[in-house]
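Welcome, and thanks for taking a look at this one. Please open the structure below and keep it in view as you read.

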Amino acid sequence: MSRRNPLRSSWAIRRRIIVVTLLWCGGMVTYLAILGRPIQLSETAVNGLLLLMASVIGSYVFGAVWDDKGGLTNIGGNALETEMYQRTIVPPDTPVGPAMPPPPGEQ
């Protein structure tokens, strides 16, 4: 029996939604550009559709990167253990005395 990979199925559904949204937006922009009347409402609708297309593409890329990065560390619970080390860098010669010289005229 094979285990279902939830990451694969969710991305298949997401991809379908993204493709349908982009096709619908492209169809509406084409329709308004060819058959639409030259009124302010058509221009506003085209601008909104183009912004929707840009945001869908940007969200898809950002979401894919985020999901891939998060998915690599969370596959199978603790399958991939990640360790973080904190490193403190101390300068070899620590200065002695005040941090700043006194202002001129106050000596």
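The report below goes from the whole chain to its core, and then to a few single residues.

## The chain as a whole

Please keep in mind that this is a predicted model. The chain has two helices and zero strands. Helix H1 covers residues 6-34 and helix H2 covers residues 40-74, with a loop between them.

How much of the chain counts as buried? Of its 107 residues, 10% do. The accessible surface adds up to about 9,800 Å², and carbon and sulfur atoms account for 65% of that area. If you take the contacts between residues at least 6 apart in sequence, 63% of them link residues at least 24 apart.

## The nonpolar core

Which residues make up the largest nonpolar core? There are five: Cys25, Val29, Leu32, Val46 and Leu49. Both H1 and H2 contribute, each with at least two residues of this core. H1 gives the largest share, three residues.

Leu32 is a good place to zoom in. Setting aside neighbours within four places in sequence, leucine 32 is in contact with Ser42, Ala45, Val46 and Leu49. Two of these partners, Val46 and Leu49, are listed in the core along with Leu32 itself.

## Serine 42

Serine 42 belongs to helix H2. Is this residue buried or exposed? Serine 42 counts as buried because its relative accessibility is 13%, and the cut-off for buried is under 20%. Beyond its neighbours within four places in sequence, serine 42 has contacts with Leu32 and Arg37.

## The loop and a surface patch

Leucine 35 sits in the loop between helix H1 and helix H2. With a relative accessibility of 59%, leucine 35 counts as exposed, since the exposed class begins over 50%.

Leucine 35 also has company at the surface: together with Tyr31 and Ile34, Leu35 forms a nonpolar patch. The accessible area of these residues together is about 360 Å².

## Tyrosine 60 across the helices

Further along, tyrosine 60 is part of helix H2. Its relative accessibility is 27%, so tyrosine 60 counts as partly exposed.

Which residues does tyrosine 60 touch, not counting those up to four places away in sequence? They are Trp11, Arg15 and Ile18. For one of these partners, isoleucine 18, there is also a distance to check in your viewer: tyrosine 60 and isoleucine 18 are 42 residues apart in sequence, and their C-alpha atoms are 7.8 Å apart in space.

Technical notes. Residues are numbered from 1 along each chain as its sequence is written. This is a predicted model: local features need pLDDT of at least 70, side-chain atom pairs count only at pLDDT 80 or more; totals for chains, interfaces and linings use all residues. Side-chain values use heavy atoms; hydrogens and water are left out. Patches are made of residues with over 30% relative accessible area and no salt bridge: like charges are joined within 9 Å, nonpolar side chains (Val, Leu, Ile, Met, Phe, Trp, Tyr) within 5 Å. Accessible areas come from the Shrake-Rupley method with a 1.4 Å probe; for residues, only the protein chains shown count as cover. A salt bridge is a side-chain nitrogen of Lys or Arg within 4 Å of a carboxyl oxygen of Asp or Glu. Helices (H or I, at least four residues) and strands (E, at least two) are DSSP runs, numbered from the N terminus. Buried means under 20% relative accessible area, exposed over 50%, partly exposed in between (1.4 Å probe, protein chains only). Contact means heavy atoms within 4.5 Å. A nonpolar core is a set of buried Ala, Val, Leu, Ile, Met, Phe, Trp, Tyr and Cys residues joined through side-chain atoms within 4.5 Å.
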